[in-house]
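Dear colleague,

I am passing on a structure that I would like you to look over, and my notes on it follow below. Please read them with the model open beside you.

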Amino acid sequence: MKKIILAMAIAMLALGANAKQKVQNTPAQQLIERLKTLQKRGVMFGHQDALFYGTTWKWEYGRSDVNDVCGDYPAVLGCELGGLELGNDKNLDGVAFDKMRQQIIAHHQKGGIITISWHTYNPVTGKDAWNTDGDAVTAVLPGGKEVAKMQLWHARLAQFLGSLKDERGRAIPVIFRPWHEMSGAWFWWGNKQCTPEQYKALFCLTFNAMADAGLTNLVWSYSPNVKAKDTPEHYFSYYPGDAFVDVLGVDVYQFKGSEVFIEQCQNEMRIMATYAKKHKKLYALTEAGYRNTPDAQWYSSTLLPAIKGFAPSYVLLWRNAWDQAEENFGPAPEKSCANDFRKIHKEGAFLFRSQLQCAPTKGCWMVSKKGKK
């Protein structure tokens, strides 16, 4: 009986999504078209929490480790909402949501792109996203004991996302990437904590909650974690469907040799690019990095070869934590890879924020790699 109820719930969610997708010319659709235009010009460089802190500093408005290294800012700013659902003033990494909103608005006004993840706390145990106890996915789906709590969390999420507006009161479109790395077992929504059908229902539940809240500024991203010798069947095993996803993504970190990282990225790029072309989707390397980047030539010898031959929308390196030496993935002035990063920046390997322009009254457009329209 539970399986029948779940199947009916998924079908109803899908019907609701298809109906809501008929709204035309939304901020989200405008961003999708812009991303497609940008994709033809190059791969954007992104960095998580880039404007909030770095390896040796925190909360200095206008600063960025990337800018400290190469004199330019990431085109894509990654932000994290974990803790918002609890009513906290700061996220799980200590970033105040008011500061985050301020930086998102500023980054957008300067032509930048924003992507947002959500490491949601466990609704059953109250512990962080990495706590897998309590059969939490079942608990928040229709008929579960924590349905009301998830409704509250969705309301808080919608309130924040809906508060992202430019100086003229227009909604700022963002790439929203909830429930990521579901094909691993480390989150409470991971592959050992729920079935693919339950995961899809969870994704659709959040999608429809945001649509019901009237939000039209969300570009939705799906991003499993990398798998050795991955296949399309495995990559899409948790895929909620084209009606719910705009950007295909994958999270790939280097833990072993560069050859393994390159091989895995190339394989994932092939899977995503093939599907994206056929289904008119975008694709990206939604999380990546090499802890502390000990290879001085990592950017030119590993990261670029990993995406060679493909055209992902962007590559997002994970954060440079000021208070955790091991949580350090992007470029920084004191790192041995800084010169290599400056080199690839000078050569135009990626697009940075200075190469994106935003006209307050006419929307945003792309400029050449030398910063000229």
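Of the contacts in the protein between residues at least 6 apart in sequence, 73% join residues at least 24 apart, a contact being heavy atoms within 4.5 Å. This is a predicted model, in which local features need pLDDT of at least 70 and side-chain atom pairs count only at pLDDT 80 or more, while totals for chains, interfaces and linings use all residues. Residues are numbered from 1 along each chain as its sequence is written, and side-chain values use heavy atoms, with hydrogens and water left out.

The secondary structure comes to 11 helices and 10 strands, where helices (H or I, at least four residues) and strands (E, at least two) are DSSP runs numbered from the N terminus. Buried residues make up 57% of the 373 residues in the protein; buried means under 20% relative accessible area, exposed over 50%, and partly exposed in between, with a 1.4 Å probe and protein chains only.

The barrel

A closed barrel of 8 strands runs E1-E2-E3-E4-E5-E6-E7-E8 with parallel pairing, two strands being paired if DSSP finds at least two bridges between them. The twist averages 30° from one strand to the next. Within the barrel, E6 and E7 pair in the parallel sense over 8 bridges, and aspartate 251 stands opposite glutamate 287 in E7.

Helices H6 and H7

Helix H6 (residues 147-162) lies across E3, strand E4 (174-178) and strand E5 (218-222), and runs at about 165° to E3; axes here are lines fitted to C-alpha atoms, for helices over the stretch in contact, and angles run from 0 to 180 degrees between N-to-C directions. The axes of H6 and helix H7 (residues 196-212) come within 10 Å and cross at roughly 55°. H6 and H7 are therefore oblique to each other, given that angles under 35 degrees count as roughly parallel, over 145 as roughly antiparallel, 65 to 115 as roughly perpendicular and the rest as oblique. H6 passes H7 in a right-handed crossing, the term for a near helix turned clockwise from the far one by less than a right angle, with left-handed used if it is turned anticlockwise. At this crossing, Met150, His154, Leu157, Ala158 and Leu161 in H6 meet Leu205, Thr206, Ala209 and Met210 in H7.

Helices H9 and H10

The axes of H9 and H10 come within 7 Å and cross at roughly 30°, which makes H9 roughly parallel to H10. The contact is made by Ser258, Phe261, Ile262, Cys265, Gln266 and Met269 of H9 together with Trp298, Ser301, Thr302, Leu303, Pro305, Ala306 and Ile307 of H10. Glutamine 266, which lies in helix H9, counts as buried at 18% relative accessibility, and, leaving aside its neighbours within four places in sequence, it is in contact with Pro305, Ala306, Ile307, Lys308 and Phe310.

In helix H10 (residues 298-307) the buried residues are Trp298, Tyr299, Thr302, Leu303, Ala306 and Ile307. Seen down the axis of H10, these buried residues fall within an arc of 120°, so they line one face of the helix, the arc being that of the directions from the helix axis to the C-beta atoms. What covers them includes strand E6 (247-254), helix H9 (258-279), strand E7 (282-290), strand E8 (314-317) and helix H11 (338-346). Just after H10, glycine 309 takes a positive phi of about 90°.

Loop residues

Two aspartates have a positive phi in a residue other than glycine: aspartate 49, near 55°, and aspartate 135, near 50°. Aspartate 49 lies in the loop between strand E1 (44-48) and helix H3 (65-70) and counts as buried at 0% relative accessibility, whereas aspartate 135, in the loop between strand E3 (113-118) and helix H5 (136-140), is partly exposed, with a relative accessible area of 44%.

Tryptophan 59 is also found in the loop between E1 and H3, and counts as partly exposed at 32% relative accessibility. Not counting residues up to four places away in sequence, tryptophan 59 touches Phe52, Tyr53, Gly94, Val95 and Trp322. The C-alpha atoms of tryptophan 59 and valine 95, which are 36 residues apart along the chain, are separated by 8.6 Å.

With best regards
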